[in-house]
Amino acid sequence: MSATADHAETNLAVRLGFQTDMVVQEIGYDEDVDQELREAIEATTTTELVDEDYDDVADAVVLWFREDDGDLTDALVDTTTYIEDGGYILLLTPKTGRDGYVEPSEIGEAATTAGLSQTKGVSVGKDWTGSRLVTPKTAAKKR
């Protein structure tokens, strides 16, 4: 039974865009995060998540964000400096009715203001929802 559960968790990480050997930086870690998702990401990437003190760029950033964590736009702008060109941010916020819930309209507005596009939204565990945010291709092109 546990092999099936592990496989399902790994598939979620794959569906979220994680791949073998990716460097994934985690920001906003606290005791309320979804440990199963963290483990699935590590199993898929075959690397441990790096923390906020990581001093190089990452292929992706997992950003756990709650309503009381400050300004979401500022957090997203800051986070874009941590990702490699072509990388992405997985923004994780508490689901509706959970402490720290963030309105979807706030996520959309903050992403747009930070120069990001929302490509995918997904339920992540029982308490979290995820939004995959990328830099638009037109903005990434140099003229």
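Let me start with glutamate 26, which counts as buried at 6% relative accessibility, and which is found in strand S1. I should say at once that what we are looking at is a predicted model, and that the values I quote are computed from it.

What does the side chain of this glutamate meet? Glutamate 26 and arginine 38 come together through their side chains in a salt bridge, at 2.7 Å from N to O. This pair links distant parts of the chain, since glutamate 26 sits in strand S1, residues 24-27, while arginine 38 sits in helix H2, residues 35-45, and the two are 12 residues apart. Arginine 38 is buried as well, because its relative accessible area is 16%, and the cut-off for buried is under 20%. Glutamate 26 has a further partner, in that a polar contact of 2.9 Å joins its side chain to the side chain of tryptophan 64.

Let me step back for a moment to the whole chain. The protein has five helices and five strands, and, read from the N terminus, these elements follow the order α-β-α-β-α-β-α-β-β-α. Of its 143 residues, 39% count as buried.

How many salt bridges does a search of the whole structure find? The search finds five, and I have already shown you the one between glutamate 26 and arginine 38. Another is formed by aspartate 69 with arginine 66, where the closest N and O atoms are 3.1 Å apart. In this pair arginine 66 counts as buried, because its relative accessibility is 11%, whereas aspartate 69, at 40%, counts as partly exposed. These two residues also belong to a network of salt bridges that links Asp32, Arg66 and Asp69.

There is also a salt bridge in which the side chains of lysine 126 and aspartate 127 meet, at 3.5 Å from N to O. Here lysine 126 is exposed, with a relative accessible area of 63%, and aspartate 127 is partly exposed, with 27%.

Now to the surface, and to its negative charges. Which residues form the negative surface patch? They are Glu67, Asp68, Asp71, Asp74, Asp78, Asp99, Glu103, Glu106 and Glu109. Two elements give two or more residues to this patch, namely helix H3, residues 72-80, and helix H4, residues 104-113. Aspartate 68, one of the patch residues, is found in the loop between strand S2, residues 58-64, and helix H3. Aspartate 68 counts as exposed because its relative accessible area is 72%, and the cut-off for exposed is over 50%.

Finally, a word on the backbone. Most residues other than glycine have a negative phi, and so I would like to point out two positive values. Aspartate 21 has a phi near 70°, a positive value in a residue that is not glycine; this aspartate lies in the loop between helix H1, residues 2-15, and strand S1, and at 56% relative accessibility it counts as exposed. Threonine 46 has a phi near 60°, again positive in a residue other than glycine. Where does threonine 46 lie? Its place is the loop between helix H2 and strand S2, and threonine 46 is exposed, with a relative accessible area of 51%.

Notes
Residues are numbered from 1 along each chain as its sequence is written. This is a predicted model: local features need pLDDT of at least 70, side-chain atom pairs count only at pLDDT 80 or more; totals for chains, interfaces and linings use all residues. Side-chain values use heavy atoms; hydrogens and water are left out. Patches are made of residues with over 30% relative accessible area and no salt bridge: like charges are joined within 9 Å, nonpolar side chains (Val, Leu, Ile, Met, Phe, Trp, Tyr) within 5 Å. Accessible areas come from the Shrake-Rupley method with a 1.4 Å probe; for residues, only the protein chains shown count as cover. A salt bridge is a side-chain nitrogen of Lys or Arg within 4 Å of a carboxyl oxygen of Asp or Glu. Lys and Arg count as positive and Asp and Glu as negative; His and the chain ends are not counted. The place of a charge is taken as NZ of Lys, CZ of Arg, CG of Asp or CD of Glu. Helices (H or I, at least four residues) and strands (E, at least two) are DSSP runs, numbered from the N terminus. Buried means under 20% relative accessible area, exposed over 50%, partly exposed in between (1.4 Å probe, protein chains only). A polar contact is a pair of N or O atoms within 3.5 Å; within protein, one must be able to donate a hydrogen and the other to accept it, and residues adjacent in sequence count only if both atoms are side-chain atoms.
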